[in-house]
Amino acid sequence: MAIDSSDILRALSDYLDVYPDEAVSLSVPVKLLTEGAGCASRFDLPMHVTVGALLVRGGAEVLLVDHLAYGILLQPGGHLESTDATLIDAAVRELVEETGVDPAGVVPASPLPVYVEYGQVPARPDKGEPEHFHLDFGYCFVTASADVGLIQESEVRGAAWYPLAEAERLVGQRIARAVNAPA
């Protein structure tokens, strides 16, 4: 069963129950979802959903990828696919696809996203995508010993572990939120 707008609205509402101070910054996606806008496909415009996976190893480091299209370090992530049953499943799929991490050693830290970000994405004419918005749901996962496997070279240049403080400097406050994720 594919993810639909009602699943996404429910996840966003659950997130806002925990982080009500973000209601204003997420008001546009809430409005679009409440009005029934489709957003599960990368072709849904003006907004569609993406997912991110923050994998924390041993409570000391986070796995980041060198994102090919954007040319920056980010958490693994990407667009939903029709085979994804839940947002958290989509995040695991993206993590495994991009980094080759063995999913058997990865455990969700929380069933709730640790961040939800709404932002504009530049046009990518090579993919036929106009400027649009992403509603990115980020989930935190923990591992004791997972390591990078075969990376998805069509999407990332590399994947590596970064100490928490350095990862937060590079990626932002979502790192601290991942480490302190509510269970």
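Entry 1. I began with terms: strands are DSSP runs of E, at least two residues long, numbered from the N terminus, and lining residues are those with an atom within 4 Å of a point of the pocket. I noted that the model is predicted.

Entry 2. I turned to the largest pocket and asked which element gives the most to its lining. I found that β6 does, with five residues. I recorded the span of β6 as 115-121.

Entry 3. I then listed the elements that give two or more residues to this lining. Besides β6, I entered the strands β1 (47-57), β3 (72-74), β4 (77-79) and β7 (132-143), together with the helices α3 (87-99) and α4 (164-171).

Entry 4. I looked up the volume of the largest pocket and wrote down about 740 Å³. I counted 38 residues in its lining, and T50, H67, Y70, G78 and H134 lie nearest the centre. I sorted the lining by residue class and obtained 14 nonpolar, 12 polar and 12 charged residues.

Entry 5. I moved to the second largest pocket, which holds about 210 Å³ of space. I found 13 residues lining this pocket, with D7, A11, T86, L87 and Y139 nearest its centre. Two elements, α1 (5-18) and α3, are those that give two or more residues to the lining. I noted that α1 gives the most, with four residues.

Entry 6. I asked how the lining of the second largest pocket divides into nonpolar, polar and charged residues. I obtained nine nonpolar, one polar and three charged.

Entry 7. I closed with helix α3, which I had listed for the largest pocket and also for the second largest pocket.

Notes
Residues are numbered from 1 along each chain as its sequence is written. This is a predicted model: local features need pLDDT of at least 70, side-chain atom pairs count only at pLDDT 80 or more; totals for chains, interfaces and linings use all residues. Side-chain values use heavy atoms; hydrogens and water are left out. On a 1 Å grid over the protein atoms alone, a cavity is a set of points where a 1.4 Å probe fits but cannot get out, and a pocket is an open set with protein on both sides within 12 Å along at least five of seven lines; lining residues have an atom within 4 Å of a point. Grid points are joined across faces, edges and corners, and a volume is the space filled by probe spheres set on the points. Ala, Val, Leu, Ile, Met, Phe, Trp, Tyr, Cys and Pro count as nonpolar, Asp, Glu, Lys and Arg as charged, and the others, Gly among them, as polar.
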